[in-house]
Amino acid sequence: MNIGPLITIWGSLATVLWAARCRAQGLIITPRAFAAIALPGVPLVLLCTAATLYL
């Protein structure tokens with residue numbers, strides 16, 4: 001699994017496009033804020049993914 005897009009804004013094209021669309025609507029998402037929100041969720045996502053694959 002590629003966790004780059006889960007932690008960094010520039011990790012995937014979809015995330016970059018999402019951030020640009022938010023910016024166009026006046027909602028500024030900073031890389032620091034994105035990482036602060038995403039970082040706690042990454043271990044949970046990885047754990048759920050591994051558990052699903054194990055089953």
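**Exercise 1.** Find which residues make the nonpolar surface patch of about 470 Å² in this predicted model.

Solution. The patch is made by Trp10, Leu13, Val16 and Leu17. Take Leu13 next: this residue is found in helix α2, which covers residues 13–24.

**Exercise 2.** Decide whether Leu13 is buried or exposed.

Solution. Start with the cut-off: a residue is exposed when its relative accessible area is over 50%. Leu13 has a relative accessibility of 62%, so Leu13 counts as exposed.

**Exercise 3.** Describe the secondary structure of the chain and the order of its elements.

Solution. Begin with the counts: there are 4 helices and 0 strands in the chain. Then read from the N terminus on, where the order of elements is α-α-α-α.

**Exercise 4.** State how much of the chain is buried, what area the chain exposes, and how its contacts are spread along the sequence.

Solution. The chain has 55 residues, and 13% of them are buried. The exposed area of the chain is about 4300 Å², with 73% of it supplied by carbon and sulfur atoms. For the contacts, consider those between residues at least 6 apart in sequence: 50% of these join residues at least 24 apart.

**Exercise 5.** Work out where in the chain the confidence is lowest and where it is highest.

Solution. Take the whole chain to begin with: its average pLDDT is 83, and 85% of the residues score at least 70. Now go to the helices. Confidence is lowest in helix α1 (residues 4–7), with a mean of 64. Confidence is highest in helix α4 (residues 41–54), at 89.

Notes
Residues are numbered from 1 along each chain as its sequence is written. This is a predicted model: local features need pLDDT of at least 70, side-chain atom pairs count only at pLDDT 80 or more; totals for chains, interfaces and linings use all residues. Side-chain values use heavy atoms; hydrogens and water are left out. Patches are made of residues with over 30% relative accessible area and no salt bridge: like charges are joined within 9 Å, nonpolar side chains (Val, Leu, Ile, Met, Phe, Trp, Tyr) within 5 Å. Accessible areas come from the Shrake-Rupley method with a 1.4 Å probe; for residues, only the protein chains shown count as cover. A salt bridge is a side-chain nitrogen of Lys or Arg within 4 Å of a carboxyl oxygen of Asp or Glu. Helices (H or I, at least four residues) and strands (E, at least two) are DSSP runs, numbered from the N terminus. Buried means under 20% relative accessible area, exposed over 50%, partly exposed in between (1.4 Å probe, protein chains only). pLDDT is the predictor's confidence in each residue, from 0 to 100. Contact means heavy atoms within 4.5 Å.
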